[in-house]
Amino acid sequence: MESQLPTADFLGFESLLADHEREKLQDVRDFLAKEVSPRAVEWWNRAEFPHEILPKLAGLGLSTPVQQGYSHLFSGLVIAELTRADTSIATFFMVHHDLFVEALHTFGSPDQKNRLLQDAMDLKITGAFALTEPLHGSDVAGGMATTATRDGDTWIINGAKRWIGNGTFCDYMLLWARDTETGGVRGFILDATLPGVTRTAIANKTALRTVQNADITLTDVRVPEADRFAGIKTFNDTRQLLLGSRILVGWQAVGQQLTAFDVARQYAVERHQFGRPIAGFQLVQDQLVTMMGNTTASLGVMARIAALQEQGESDMPQAAFAKSFTTARMRETVALGRGILGGNGIVTDYGMAKIFADAEAVYTYEGSYEINSLIVGRALTGISAFA
(Lines give C-alpha, C1' and ligand atoms only; values in the text may rest on other atoms or scores of the structure.)
Protein backbone atom coordinates (compact mmCIF):
# COMPACT_ATOMS: atom_id res chain seq x y z
CA MET A 1 0.00 0.00 0.00
CA GLU A 2 2.76 2.45 0.91
CA SER A 3 4.33 2.52 -2.57
CA GLN A 4 1.02 3.82 -3.97
CA LEU A 5 0.72 6.62 -1.46
CA PRO A 6 1.82 10.18 -2.33
CA THR A 7 5.22 11.39 -1.22
CA ALA A 8 5.82 14.55 0.78
CA ASP A 9 6.25 16.31 -2.59
CA PHE A 10 2.47 16.57 -2.48
CA LEU A 11 2.23 19.21 -5.23
CA GLY A 12 4.64 17.48 -7.59
CA PHE A 13 7.48 19.98 -7.89
CA GLU A 14 9.61 17.24 -9.42
CA SER A 15 7.37 17.37 -12.49
CA LEU A 16 8.91 20.78 -13.32
CA LEU A 17 12.10 19.02 -14.37
CA ALA A 18 12.89 18.21 -17.99
CA ASP A 19 12.35 14.58 -18.97
CA HIS A 20 16.07 13.77 -19.05
CA GLU A 21 16.50 15.33 -15.61
CA ARG A 22 13.70 13.22 -14.13
CA GLU A 23 15.34 10.11 -15.59
CA LYS A 24 18.70 11.09 -14.16
CA LEU A 25 17.14 11.81 -10.76
CA GLN A 26 15.69 8.30 -10.79
CA ASP A 27 19.18 6.95 -11.50
CA VAL A 28 20.37 8.83 -8.42
CA ARG A 29 17.57 7.31 -6.32
CA ASP A 30 18.36 3.81 -7.56
CA PHE A 31 22.04 4.26 -6.69
CA LEU A 32 21.28 5.61 -3.23
CA ALA A 33 18.77 2.85 -2.50
CA LYS A 34 21.40 0.23 -3.33
CA GLU A 35 24.67 1.76 -2.13
CA VAL A 36 23.87 4.27 0.63
CA SER A 37 20.53 3.86 2.41
CA PRO A 38 21.10 0.28 3.62
CA ARG A 39 24.39 1.20 5.34
CA ALA A 40 23.96 4.85 6.30
CA VAL A 41 23.01 4.17 9.93
CA GLU A 42 25.93 1.76 10.31
CA TRP A 43 28.40 4.40 9.08
CA TRP A 44 26.80 7.01 11.35
CA ASN A 45 26.91 4.78 14.43
CA ARG A 46 30.61 4.05 13.87
CA ALA A 47 31.44 7.65 12.85
CA GLU A 48 33.29 6.26 9.83
CA PHE A 49 33.39 7.62 6.29
CA PRO A 50 32.78 5.05 3.50
CA HIS A 51 35.65 5.83 1.14
CA GLU A 52 34.84 2.71 -0.84
CA ILE A 53 31.71 4.27 -2.36
CA LEU A 54 33.53 7.25 -3.90
CA PRO A 55 34.26 5.62 -7.29
CA LYS A 56 30.59 4.63 -7.56
CA LEU A 57 29.45 8.09 -6.48
CA ALA A 58 31.73 9.59 -9.11
CA GLY A 59 30.16 7.27 -11.65
CA LEU A 60 26.91 9.22 -11.41
CA GLY A 61 28.66 12.04 -13.26
CA LEU A 62 27.01 14.75 -11.18
CA SER A 63 29.89 16.97 -10.17
CA THR A 64 28.60 20.59 -10.31
CA PRO A 65 25.52 19.72 -12.39
CA VAL A 66 24.80 23.31 -13.45
CA GLN A 67 28.27 23.49 -15.01
CA GLN A 68 27.19 20.50 -17.11
CA GLY A 69 24.01 22.15 -18.35
CA TYR A 70 21.49 20.81 -15.83
CA SER A 71 19.00 23.20 -14.24
CA HIS A 72 19.35 24.69 -10.77
CA LEU A 73 16.14 22.88 -9.83
CA PHE A 74 17.68 19.55 -10.79
CA SER A 75 20.88 20.39 -8.90
CA GLY A 76 18.84 21.19 -5.80
CA LEU A 77 16.74 18.06 -6.02
CA VAL A 78 19.92 15.96 -6.31
CA ILE A 79 21.05 17.40 -2.97
CA ALA A 80 17.60 16.74 -1.51
CA GLU A 81 17.76 13.10 -2.64
CA LEU A 82 21.29 12.64 -1.33
CA THR A 83 20.14 14.05 2.00
CA ARG A 84 17.07 11.86 1.96
CA ALA A 85 19.40 8.85 1.85
CA ASP A 86 22.07 10.21 4.20
CA THR A 87 22.73 13.79 5.28
CA SER A 88 26.41 13.05 5.82
CA ILE A 89 26.97 11.84 2.26
CA ALA A 90 25.10 14.89 0.98
CA THR A 91 27.34 17.14 3.09
CA PHE A 92 30.49 15.46 1.75
CA PHE A 93 29.16 15.92 -1.79
CA MET A 94 28.40 19.61 -1.24
CA VAL A 95 31.74 20.44 0.40
CA HIS A 96 33.71 18.67 -2.32
CA HIS A 97 31.74 19.49 -5.45
CA ASP A 98 29.82 22.66 -4.69
CA LEU A 99 32.59 24.47 -2.84
CA PHE A 100 35.98 23.02 -3.83
CA VAL A 101 35.24 21.94 -7.42
CA GLU A 102 32.99 24.95 -8.03
CA ALA A 103 35.83 27.20 -6.86
CA LEU A 104 38.14 25.58 -9.43
CA HIS A 105 35.55 26.22 -12.14
CA THR A 106 34.98 29.81 -11.07
CA PHE A 107 38.33 31.05 -9.79
CA GLY A 108 40.95 28.59 -10.98
CA SER A 109 43.67 29.57 -13.45
CA PRO A 110 44.07 27.54 -16.64
CA ASP A 111 47.04 25.76 -15.03
CA GLN A 112 45.12 24.98 -11.84
CA LYS A 113 42.17 23.62 -13.80
CA ASN A 114 44.46 21.54 -15.97
CA ARG A 115 46.17 20.04 -12.91
CA LEU A 116 43.20 19.41 -10.66
CA LEU A 117 39.74 19.92 -12.12
CA GLN A 118 39.08 16.62 -13.90
CA ASP A 119 40.49 14.49 -11.08
CA ALA A 120 38.40 16.45 -8.59
CA MET A 121 35.26 15.99 -10.68
CA ASP A 122 36.00 12.25 -10.87
CA LEU A 123 36.68 12.04 -7.10
CA LYS A 124 40.19 10.79 -7.73
CA ILE A 125 41.19 13.61 -5.41
CA THR A 126 39.03 15.11 -2.67
CA GLY A 127 38.71 18.69 -1.49
CA ALA A 128 37.60 20.71 1.52
CA PHE A 129 36.64 24.32 2.21
CA ALA A 130 38.67 25.85 5.04
CA LEU A 131 37.02 29.11 6.12
CA THR A 132 35.66 28.82 9.69
CA GLU A 133 38.12 29.33 12.55
CA PRO A 134 38.12 28.31 16.23
CA LEU A 135 37.16 31.82 17.34
CA HIS A 136 35.48 33.10 14.18
CA GLY A 137 32.37 31.66 12.55
CA SER A 138 29.66 34.19 11.76
CA ASP A 139 32.17 37.07 12.03
CA VAL A 140 34.97 35.43 10.04
CA ALA A 141 34.71 38.06 7.28
CA GLY A 142 36.05 40.77 9.57
CA GLY A 143 37.78 38.66 12.18
CA MET A 144 39.76 36.14 10.13
CA ALA A 145 42.96 35.42 12.06
CA THR A 146 44.68 33.03 9.65
CA THR A 147 47.41 34.97 7.83
CA ALA A 148 49.25 34.71 4.52
CA THR A 149 52.59 36.49 4.08
CA ARG A 150 54.23 36.76 0.66
CA ASP A 151 57.84 35.55 0.53
CA GLY A 152 59.11 35.56 -3.03
CA ASP A 153 57.30 32.88 -5.02
CA THR A 154 55.65 31.38 -1.94
CA TRP A 155 53.18 32.36 0.75
CA ILE A 156 53.71 31.53 4.42
CA ILE A 157 50.44 30.53 6.09
CA ASN A 158 49.85 30.58 9.85
CA GLY A 159 46.64 30.07 11.79
CA ALA A 160 43.91 27.56 12.50
CA LYS A 161 40.62 26.40 11.01
CA ARG A 162 37.76 24.46 12.63
CA TRP A 163 34.77 22.36 11.55
CA ILE A 164 36.38 21.61 8.20
CA GLY A 165 34.29 18.92 6.51
CA ASN A 166 36.39 16.22 4.77
CA GLY A 167 39.33 17.80 6.60
CA THR A 168 40.83 14.60 7.99
CA PHE A 169 41.33 12.89 4.62
CA CYS A 170 41.08 15.47 1.82
CA ASP A 171 43.92 15.92 -0.64
CA TYR A 172 43.43 19.68 -0.99
CA MET A 173 41.64 22.51 0.77
CA LEU A 174 40.38 25.82 -0.50
CA LEU A 175 42.01 27.80 2.30
CA TRP A 176 41.12 31.39 3.16
CA ALA A 177 43.69 33.67 4.82
CA ARG A 178 44.28 37.36 5.37
CA ASP A 179 47.11 38.98 3.41
CA THR A 180 49.38 40.57 6.01
CA GLU A 181 50.44 43.28 3.55
CA THR A 182 47.08 44.41 2.16
CA GLY A 183 44.65 43.15 4.80
CA GLY A 184 42.57 41.58 2.06
CA VAL A 185 41.35 37.97 2.09
CA ARG A 186 42.95 35.56 -0.35
CA GLY A 187 42.19 31.99 -1.36
CA PHE A 188 44.75 29.22 -1.75
CA ILE A 189 44.74 25.63 -3.00
CA LEU A 190 46.39 24.02 0.00
CA ASP A 191 48.01 20.62 -0.44
CA ALA A 192 46.91 19.01 2.83
CA THR A 193 50.12 16.97 3.05
CA LEU A 194 52.45 19.99 3.20
CA PRO A 195 54.79 20.33 6.20
CA GLY A 196 53.22 22.40 8.95
CA VAL A 197 49.65 21.21 8.30
CA THR A 198 48.18 19.33 11.28
CA ARG A 199 44.74 17.74 11.04
CA THR A 200 42.81 16.47 14.05
CA ALA A 201 39.39 14.81 13.86
CA ILE A 202 36.63 16.48 15.90
CA ALA A 203 35.25 13.73 18.14
CA ASN A 204 32.06 13.22 20.17
CA LYS A 205 29.69 14.77 17.62
CA THR A 206 25.96 14.12 17.93
CA ALA A 207 25.21 15.04 14.30
CA LEU A 208 26.69 14.24 10.89
CA ARG A 209 28.86 11.62 12.52
CA THR A 210 29.87 10.14 9.16
CA VAL A 211 31.30 13.49 8.06
CA GLN A 212 34.94 13.77 9.05
CA ASN A 213 35.22 17.30 10.45
CA ALA A 214 38.68 18.45 11.46
CA ASP A 215 40.58 21.06 13.39
CA ILE A 216 43.37 22.33 11.13
CA THR A 217 46.54 23.94 12.50
CA LEU A 218 48.82 25.78 10.06
CA THR A 219 52.38 26.51 11.17
CA ASP A 220 54.67 28.27 8.68
CA VAL A 221 53.09 26.37 5.80
CA ARG A 222 54.67 27.35 2.47
CA VAL A 223 52.22 27.49 -0.44
CA PRO A 224 53.50 28.27 -3.96
CA GLU A 225 52.21 31.40 -5.65
CA ALA A 226 51.00 29.03 -8.40
CA ASP A 227 48.51 27.63 -5.89
CA ARG A 228 46.95 30.97 -5.00
CA PHE A 229 43.49 31.39 -6.55
CA ALA A 230 44.23 34.28 -8.89
CA GLY A 231 40.51 34.81 -9.44
CA ILE A 232 39.87 35.59 -5.77
CA LYS A 233 40.45 39.26 -5.03
CA THR A 234 38.33 40.00 -1.93
CA PHE A 235 36.07 38.33 0.61
CA ASN A 236 33.15 39.14 -1.70
CA ASP A 237 34.38 36.26 -3.85
CA THR A 238 33.79 34.02 -0.84
CA ARG A 239 30.22 35.29 -0.72
CA GLN A 240 29.72 34.26 -4.35
CA LEU A 241 30.46 30.66 -3.39
CA LEU A 242 28.54 30.84 -0.11
CA LEU A 243 25.45 32.14 -1.89
CA GLY A 244 25.23 28.92 -3.86
CA SER A 245 26.12 26.64 -0.96
CA ARG A 246 23.63 28.38 1.37
CA ILE A 247 20.90 27.71 -1.16
CA LEU A 248 21.92 24.06 -1.33
CA VAL A 249 21.62 23.78 2.46
CA GLY A 250 18.00 24.85 1.96
CA TRP A 251 17.70 21.85 -0.33
CA GLN A 252 19.23 19.72 2.41
CA ALA A 253 16.45 20.92 4.71
CA VAL A 254 13.99 19.69 2.09
CA GLY A 255 15.72 16.30 1.98
CA GLN A 256 15.66 16.03 5.77
CA GLN A 257 11.91 16.57 5.72
CA LEU A 258 11.34 14.13 2.88
CA THR A 259 13.10 11.35 4.77
CA ALA A 260 11.47 12.23 8.09
CA PHE A 261 8.07 12.00 6.41
CA ASP A 262 9.01 8.71 4.73
CA VAL A 263 10.05 7.11 8.02
CA ALA A 264 7.18 8.53 10.09
CA ARG A 265 4.47 7.61 7.59
CA GLN A 266 5.76 4.06 7.18
CA TYR A 267 5.99 3.62 10.94
CA ALA A 268 2.51 5.04 11.47
CA VAL A 269 1.01 2.66 8.91
CA GLU A 270 2.82 -0.41 10.30
CA ARG A 271 2.77 0.27 14.04
CA HIS A 272 -0.35 -1.05 15.79
CA GLN A 273 -1.66 0.18 19.13
CA PHE A 274 -5.13 -0.30 20.62
CA GLY A 275 -5.85 -2.82 17.87
CA ARG A 276 -5.17 -0.69 14.81
CA PRO A 277 -2.41 1.23 12.98
CA ILE A 278 -1.53 4.47 14.73
CA ALA A 279 -2.01 6.14 11.33
CA GLY A 280 -5.72 5.69 12.00
CA PHE A 281 -5.67 8.16 14.90
CA GLN A 282 -6.60 11.78 14.23
CA LEU A 283 -3.65 13.30 16.06
CA VAL A 284 -1.13 11.22 14.11
CA GLN A 285 -2.77 12.12 10.81
CA ASP A 286 -2.67 15.79 11.76
CA GLN A 287 1.05 15.49 12.51
CA LEU A 288 1.72 13.80 9.19
CA VAL A 289 -0.22 16.51 7.36
CA THR A 290 1.82 19.20 9.12
CA MET A 291 5.04 17.41 8.16
CA MET A 292 3.89 17.20 4.55
CA GLY A 293 2.81 20.86 4.59
CA ASN A 294 6.18 22.01 5.90
CA THR A 295 7.98 19.97 3.27
CA THR A 296 5.78 21.25 0.47
CA ALA A 297 6.21 24.87 1.59
CA SER A 298 9.99 24.36 1.71
CA LEU A 299 9.94 22.83 -1.77
CA GLY A 300 7.96 25.82 -3.03
CA VAL A 301 10.48 28.29 -1.67
CA MET A 302 13.43 26.36 -3.06
CA ALA A 303 11.83 25.87 -6.49
CA ARG A 304 11.31 29.64 -6.72
CA ILE A 305 14.90 30.27 -5.66
CA ALA A 306 16.02 27.86 -8.40
CA ALA A 307 14.00 29.83 -10.94
CA LEU A 308 15.68 33.04 -9.79
CA GLN A 309 19.07 31.36 -10.15
CA GLU A 310 18.21 30.41 -13.73
CA GLN A 311 17.51 34.10 -14.40
CA GLY A 312 20.71 35.19 -12.68
CA GLU A 313 18.70 37.16 -10.14
CA SER A 314 19.23 35.33 -6.83
CA ASP A 315 20.91 37.34 -4.07
CA MET A 316 22.18 36.78 -0.54
CA PRO A 317 19.04 37.97 1.31
CA GLN A 318 16.98 35.51 -0.74
CA ALA A 319 19.47 32.72 -0.03
CA ALA A 320 19.43 33.64 3.66
CA PHE A 321 15.63 33.55 3.68
CA ALA A 322 15.61 30.17 1.96
CA LYS A 323 18.06 28.73 4.46
CA SER A 324 16.38 30.16 7.58
CA PHE A 325 12.81 29.39 6.49
CA THR A 326 13.38 25.84 5.33
CA THR A 327 15.53 24.85 8.33
CA ALA A 328 12.93 26.23 10.74
CA ARG A 329 10.25 24.14 9.01
CA MET A 330 12.66 21.20 9.05
CA ARG A 331 13.17 21.46 12.80
CA GLU A 332 9.42 21.20 13.39
CA THR A 333 9.04 18.39 10.86
CA VAL A 334 11.74 16.14 12.30
CA ALA A 335 10.50 16.79 15.84
CA LEU A 336 7.00 15.69 14.85
CA GLY A 337 8.45 12.62 13.14
CA ARG A 338 10.47 11.71 16.20
CA GLY A 339 7.36 12.02 18.34
CA ILE A 340 5.34 9.73 16.08
CA LEU A 341 7.91 6.99 16.68
CA GLY A 342 7.68 7.40 20.46
CA GLY A 343 10.51 5.67 22.29
CA ASN A 344 11.67 4.06 19.04
CA GLY A 345 12.43 7.57 17.82
CA ILE A 346 15.52 7.86 19.99
CA VAL A 347 17.39 4.79 18.72
CA THR A 348 19.09 4.78 15.35
CA ASP A 349 17.69 1.33 14.52
CA TYR A 350 14.53 3.01 13.25
CA GLY A 351 16.30 5.80 11.35
CA MET A 352 14.47 8.74 12.88
CA ALA A 353 16.99 9.40 15.67
CA LYS A 354 19.72 9.93 13.07
CA ILE A 355 17.48 12.22 11.03
CA PHE A 356 16.54 14.18 14.15
CA ALA A 357 20.18 14.60 15.23
CA ASP A 358 21.51 15.51 11.78
CA ALA A 359 18.89 18.24 11.45
CA GLU A 360 20.63 20.26 14.15
CA ALA A 361 23.79 20.51 12.04
CA VAL A 362 21.79 21.59 8.98
CA TYR A 363 20.01 24.18 11.14
CA THR A 364 23.36 25.65 12.21
CA TYR A 365 25.89 25.56 9.37
CA GLU A 366 26.09 27.97 6.42
CA GLY A 367 24.98 30.68 8.83
CA SER A 368 22.85 30.00 11.88
CA TYR A 369 19.10 30.64 11.78
CA GLU A 370 19.60 33.89 13.66
CA ILE A 371 22.35 35.23 11.38
CA ASN A 372 20.37 34.45 8.25
CA SER A 373 17.25 36.04 9.75
CA LEU A 374 19.20 39.23 10.43
CA ILE A 375 20.44 39.29 6.82
CA VAL A 376 16.80 39.16 5.69
CA GLY A 377 15.79 41.75 8.31
CA ARG A 378 18.45 44.15 7.05
CA ALA A 379 17.14 43.72 3.49
CA LEU A 380 13.56 44.38 4.64
CA THR A 381 14.28 47.48 6.73
CA GLY A 382 17.51 48.93 5.39
CA ILE A 383 18.81 48.86 8.98
CA SER A 384 21.49 46.47 10.18
CA ALA A 385 20.78 44.80 13.53
CA PHE A 386 24.15 43.05 13.68
CA ALA A 387 26.20 43.92 16.75
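A residue is buried when its relative accessible area is under 20%, exposed when it is over 50%, and partly exposed in between. Gln112 has a relative accessible area of 1%, so this residue is buried. The model discussed here is a predicted one. Gln112 belongs to helix α6, which covers residues 110-121. Beyond its neighbours within four places in sequence, Gln112 is in contact with Leu104, Phe107, Leu117, Ile189, Ala226, Asp227, Arg228 and Phe229. Ile278 lies elsewhere in the model: its C-alpha atom is separated from that of Gln112 by 57 Å. Along the chain, Gln112 and Ile278 are 166 residues apart.

The overall fold was examined next. The protein chain has twelve helices and nine strands. Its C-alpha trace spans about 80 × 50 × 40 Å along the principal axes. For 387 residues, a compact globule would have a radius of gyration near 21 Å, and the protein chain agrees because its value is 21 Å. Of the 387 residues, 53% are buried. Contacts within the protein chain often bridge long stretches of sequence. When pairs at least 6 apart in sequence are considered, 74% of the contacts join residues at least 24 apart.

The surface and the charges complete this overview. The protein chain exposes about 16,600 Å². Carbon and sulfur atoms supply 53% of that area. The protein chain carries 34 positive and 44 negative charges. The mean positions of the two sets are 3 Å apart.

The interior holds a largest nonpolar core of 71 residues. Within this core, Val36, Leu57, Leu62, Trp251, Leu288, Met291 and Ile340 touch the most other members. Many helices take part. At least two core residues come from each of α1 (19-35), α3 (54-58), α4 (72-85), α5 (87-107), α8 (235-270), α9 (282-310), α10 (316-340) and α11 (352-364). Helix α8 gives the most, with 14 residues. Ile340 illustrates the packing. Outside its neighbours within four places in sequence, Ile340 is in contact with Ala264, Tyr267, Ala268, Ile278, Val284, Gln287, Leu288 and Met291. Another core, of 25 residues, lies apart from the largest one. Ala120, Tyr172, Val185 and Phe229 are among its members. Phe229 also appears among the contacts of Gln112.

Two loop residues that flank α2 were then compared. Ser37 lies in the loop between α1 and α2. At 39% relative accessibility, Ser37 counts as partly exposed, because this value falls between the cut-offs of 20% and 50%. Leaving aside neighbours within four places in sequence, Ser37 is in contact with Leu32 and Ala85. Ser37 and Arg84 are 47 residues apart in sequence, and their C-alpha atoms are 8.7 Å apart in space.

Pro50 lies in the loop between α2 (40-46) and α3. Its relative accessible area is 1%, so Pro50 is buried. Setting aside neighbours within four places in sequence, Pro50 is in contact with Trp43, Ile89 and Thr210. Pro50 and Ala297 are 247 residues apart in sequence. Their C-alpha atoms are 33 Å apart in space.

Backbone geometry was considered last. Most residues other than glycine have a negative phi. Thr64 is not a glycine, yet its phi is positive, at about 40 degrees. Thr64 is found in the loop between α3 and α4. With a relative accessible area of 2%, Thr64 is buried. Phe274 is not a glycine either, and its phi is also positive, at about 55 degrees. Phe274 lies in the loop between β8 (272-273) and β9 (276-277). At 80% relative accessibility, Phe274 counts as exposed, because the value is over 50%. Positive phi thus occurs here at a buried residue, Thr64, and at an exposed one, Phe274.

Notes: Residues numbered from 1 in each chain as written. Predicted model: local features only at pLDDT ≥ 70, side-chain atom pairs only at ≥ 80, totals over all residues. Heavy atoms only, no water. Helix = DSSP H or I, 4+ residues; strand = E, 2+ residues; numbered from the N terminus. Rg over C-alpha atoms; globule rule 2.2 N^0.38 Å. Buried < 20%, exposed > 50% of the residue type's maximum accessible area, 1.4 Å probe, protein only. Contact = heavy atoms within 4.5 Å. Areas by Shrake-Rupley, 256 points an atom, 1.4 Å probe, with all protein chains shown as cover. Lys, Arg positive; Asp, Glu negative; His and termini not counted. Charge placed at Lys NZ, Arg CZ, Asp CG, Glu CD. Core = buried A, V, L, I, M, F, W, Y, C linked by side-chain atoms within 4.5 Å.
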